[in-house]
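Please work through the exercises below with the sequence and the structure at hand, and try each task yourself before you read its solution.

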Amino acid sequence: MKLYNLTLQRPGGITHVIHGNFSGPKQQEIIVSRGCVLEVLKPDPSTGKIHTLLTCNAFGTVRTLHPIRLTGSNRDYIVVGSDSGRILILEYNGQKNILEKASNVHQETFGKSGCRRIVPGQYLAIDPKGRAVLIGAIEKQKLVYILNRDSQARLTISSPLEAHKANTITFYTVGVDVGFENPVFACLEVDYEETDNDHTGQAAHDIKQSLTFYELDLGLNHVVRKYSEPLEKFANLLITVPGGTEGPSGVLVCSENYITFKNFGDQPDIRCPIPRRRNEIDDRERTMIIVATATHKTKNMFFFLVQTEQGDIFKITLTHDADMGMVTEIRLKYFDTVPVASAMCVLRTGFLFIASEFGNHYLYQITQLGDADDEPEFSSSERLEEEDTFFFVPRKLKNLILVDEMDSLSPITGCHIADLANEDTPQLYVTCGRGPRSTLRILRHGLEVTEMAVSELPGSPNAVWTVKKRADDPFDAYIVVSFINATLVLSIGETVEEVTDSGFLGTTPTLSCSQLGDDSLLQIYQEGIRHIRADKRVNEWRAPGKKMITRAAVNQRQVVIGLTGGELVYFEMDTTGQLNEYTERKEMPGDIICMALGSVPDGEQRSRFLAVGLSDSTVRIISLDPQDCLSRLSMQALPAPAESLCIVEMKTTEGGVVVDTTSGREQQVGPSTTAFLNIGLQNGVLLRSVLDSVTGDMSDTRTRYIGSKPVKLFRILMQGNEAVLAMSSRTWLSYTYQGRFHLTPLSYESLEHASGFASEQCPEGIVAIAGNTLRILTLEKLGAIFNQEIRKLKLTPRRFIIYPEMNWLYLIESDHLSYTEISKQQKREQIGKDMVDAADDEDKEATREVANAMLAEKIPEEAFGAAKAANGMWAAQLRVMDPISGETKFIYEFEQNESAVCLSLMRFDTRPADTFLLVGVARDLVLSPRSHLGGMIYCFLVLDNGERLHFIHRTVVDEVPTAIYPFLGRALIGVGSSLRIYEIGKKKLLKKCENKNIPNQIVTIQALGNRIFVTDVQESIHILRYKQMENQLVTFADDTCPRFTVACCLLDYSTVCLTDKFGNIAILRIPVDANDDIEIDPTGSKGLWDRGLLNGASNKCELLAHFHVGEMVTSVQRAMLISGGSESLVYTTLSGSIGVLIPFASNEDYDFFQHLEMHMRAEHQTLLGRDHLAFRSYYYPVKNVLDGDLCEQYNHLDIAKQKMIAEGLDRTASEVAKKLEDIRTRFAF
């Protein structure tokens, strides 16, 4: 079995965020790391939207990111700590839109590759003046590099200086701002030498964390451990305080419940408790930590925004006595509450970017700095008892306004692919998120369409155009709608209204209308051509004799019309703005069905080519050059008659993409555009050919079936570049994005005719007709593969299944450290009662009112997070949902501390008429160290077509039930490490058979025939056979490698696909000669030598294929993603990416892609300096899987390399690109 891996949806979760002037001065970009992917984002200050400028697959794990700016420079570099064992400094080239290694800086190797304990790469600290960088490991090693400039002002890097200390674990590192004195780095460390030598464990109990300062002596060129002091409490974060002329220097130490300011010298420690929410029902023993920070400094002030693990943001300012040179107090002020972030940053343009820990990411506008409002301010100078803290009341957003949201599926907990909405194309049903912000998302392949306006028209229109008054106008002036017997002209202003003085003829249907030359308009109708000058003078050209105009093609300076009988008439505009007919006319050998002209290139008089589609199923390219005007240049035969044609200039990766970094929009570049002829056929197929700009020859034709109706094509503008709308039974958009071609359907009802639209309110839209309505639409999320419908959930979704008869979803949701609704109410009532009891007699009434108001007020958990309970407390519920309408049909809440783990639908042989739902539940489960009070299996009877569930009984078991599967009319249940078969009884489930030979804990169960495939949490897969005569479950095959399995999918009777928690996918097969009819030896007298291989089963699975994805794969299944496509393996990952493994149909294809991958490994420089083969073989050697993501980088190489690789494969570069596109479109999108 040979497979090809493709990523469809890139990961959504963000692990690191940095911001700076990467492309040049005054340009602020955000760079985010998404595990193995680096992205450059640009917030547009005028609209508040985030544009993705560049997405780069790093083929390695990004562990940490930091911007660095050399003294006196005006742009930032990016320092990356990764798993490559090298230090990398990247720069973002805004002209070419690429991330590249900084010229002149060798990627310095300092250790082995991989995420190892003592190899640096986990922590980065930068000297704020850009003179040095410290890169540290979790344990022992730290290296310091000195950065400098050479004579050409290029970045140079020194050899590493060691700052190692054995037996030391590092928790965080940061550069201290000391102005231009010797660079100093602060680290949070723990020395465990005594702990290792102390057998009593007392040293481990008394261990203290220390704050250590390392100084880089630039004169002596070495690093010294300058100073270390123990901390009272364990800390998790350090924040650099601006120093030199800008502030007091030093660090803020964020520890449990406290923020402390520390500096060397005479500065005393200044400590301020982290405020907590008033009247919260959280567990009282729970400590509070800071999880994300952002610093903002201007010339005369600075402040810090810090976020607690509940999502509350506080603004911290320091009071600095300049005379004494000391900080006297820390002041905290409640700012706002947003979702918990993994990282956040404040931009100079007044935006706050929040990279959420789970779920979507947000961009907020900071409207005020929280100084003037009446919020209480907390100060370190207020005297509090030890362990006491300040209290505040959370409220809705006041200082922030949400301006944009970035979709993220992270973390995906489960996925099913099915066509529940009966749309021909299957949808992906994905559960993602955590806690109250969890969602069920329905993903459809397509671009999200925003409807700006819909208005009814008097009758059924058949065409629509938009027209500008002058060529240089930024916005359109008229919308022209053609009906069967009339033409309606609407003017575009604040509103859209009908006008009659436009000069257009309204009493006849229109074939085409457009803006011509600099300032005139053109209308073509059946009887003739109407040329309307700027001063409203009208020139008319009448069709000769009894002939009618049937087809027309127009651009800025040329007009071509087709008369009945296949006669072509050509007009061109002269310098005075007059339309002149070319002297000759051309007779075509058949009826003209469609025509197309390209746009006039910049600096030229005319477009050179006219494309004509004839009734004899051909397309001809006709020259419009004065030397050989109206002569035929080339011809292409088609499989069916053409319905419409469209010539567009599109940017391909060959010339490189130039990004206009001011607005974050891609701009067209002169030499790199290629002319494409798009041909829509009457049988629903879209062809795209490259049009040679010199000879007019058509080559490199790509085909794609897009719908059942004839394909109509319309040229529109998308992000300043030409794109094509193709309309069949669905509407598709063909466009380029980040240098790659995309052909994506619009997630919208089918349209009949369209045109580009530009107005002040909607600078880049589409005006279209559907039925008898006129619609104005915009497409904002270009480059997206899926559009999402979101259904909100209440707790973290664990698993879900589909009820096949009615297409309902049954979901189990459960959350650790959570209260059920009943517990929350009891807690609140208890707090209210305590408040009243503690009050004086005369204040009791007032206190009672306050307590009642508190009980009545419920803060939305989606915004403020759910209350956190003690360890081992769970809330869980079972939900029945209609995924299409989003309506919840039924909810069953489990009791406090019961957590739902698994579920399955059952039909028992003893009660064949009924359908049951079994749910496995754990009781009082503590995750670490693991303990529980057993489990239960709830049994529900499915009623009312699956809408309602009736609780029947529950069966108490001694371990946690982790997996349930229907098997031969009974239930197969994995209880801890035992596999059991249960039958339904009146009062509980009845155990019929058991196998206790699974080593640790069962994760999943699948069955086919008599074979049962069971995965273990550590020991890969065990394959059992059920012997009915003896009522025995016998293990007859297992695996030779330990795998920490997560998900499993059966491919056939002897082949299974497994995924593990380290990001690997493996396909295993039982050997052909394996005998599953084994006897169990009841006496145990069989010799040890006969017990099977490696003390396990007698057969071992063969490894067919293996691949390292780089993220934990949470679900895998066989599915067809496009109607009429072939089956592939679709997987989803924890960080929100979706990928497919495509089987190769022939060895020839496999050989081609294998050689392409080999060439790409040699030619493509990975961003992190990680060897591609080593990355894909992280834990086990990669086997029989080719990396499509690497192969697709072929299109981004420069032309010379593309040609060289293509010659090595005995192909042309365009044939290689076509093969890459074909394999993608045959199975996916």
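The exercises that follow concern a predicted model, and they treat a helix, a strand with its partners, and some longer spans of the chain.

**Exercise 1. Work out what span helix α4 (residues 844-856) should have, and compare this with the distance between its end C-alpha atoms.**

Solution. Begin with the length of the helix, which is 13 residues. The expected span is 1.5 Å times one less than the number of residues, so for α4 one arrives at 18 Å. The end C-alpha atoms of α4 are 18 Å apart in the model, which agrees with the expectation.

**Exercise 2. Decide which residues of α4 are buried, which exposed residues lie on the face turned away from them, and what the buried residues pack against.**

Solution. A residue is called buried when its relative accessible area is under 20%, and exposed when this value is over 50%. By this rule T847, A851, M854 and L855 are buried in α4. Because these residues cover an arc of only 100° around the axis, they are on the same side of α4. The face turned away from this buried side carries the exposed residues E845, E849 and A856. As the last step, look for the packing partner of the buried residues, which is α3 (821-838).

**Exercise 3. Is strand β53 (residues 609-614) enclosed or open, and which residues cover its two faces?**

Solution. First consider burial along the strand: 6 of the 6 residues of β53 are buried, so the strand is largely enclosed by the rest of the structure. Then separate the two faces, where F609, A611 and G613 lie on one side and L610, V612 and L614 on the other, all of them buried.

**Exercise 4. Find the strands that pair with β53, and describe how they are joined to it.**

Solution. One partner is strand β52 (residues 592-597), which pairs with β53 in the antiparallel sense over 5 bridges, and here C594 has G613 of β53 as its bridge partner. Another is strand β54 (residues 618-623), which runs antiparallel to β53 and is joined to it by 6 bridges, with L614 standing opposite T618 in β54. Now follow the chain through the turn: β53 and β54 form a hairpin with 3 residues between them, and S617 in the turn has a positive phi of about 60°.

**Exercise 5. How far apart are the end C-alpha atoms of residues 14-406, and how much of this span is helix and how much strand?**

Solution. UniProt lists residues 14-406, in an unreviewed entry, as "domain: RSE1/DDB1/CPSF1 first beta-propeller". In the model, the end C-alpha atoms of this span lie 11 Å apart, and the span is 2% helix and 50% strand.

How values were computed. Residues numbered from 1 in each chain as written. Predicted model: local features only at pLDDT ≥ 70, side-chain atom pairs only at ≥ 80, totals over all residues. Heavy atoms only, no water. Helix = DSSP H or I, 4+ residues; strand = E, 2+ residues; numbered from the N terminus. Buried < 20%, exposed > 50% of the residue type's maximum accessible area, 1.4 Å probe, protein only. Arc of directions from axis to C-beta. Contact = heavy atoms within 4.5 Å. UniProt positions renumbered as here; feature names shortened; annotations may be inferred. Pairing = 2+ DSSP bridges.
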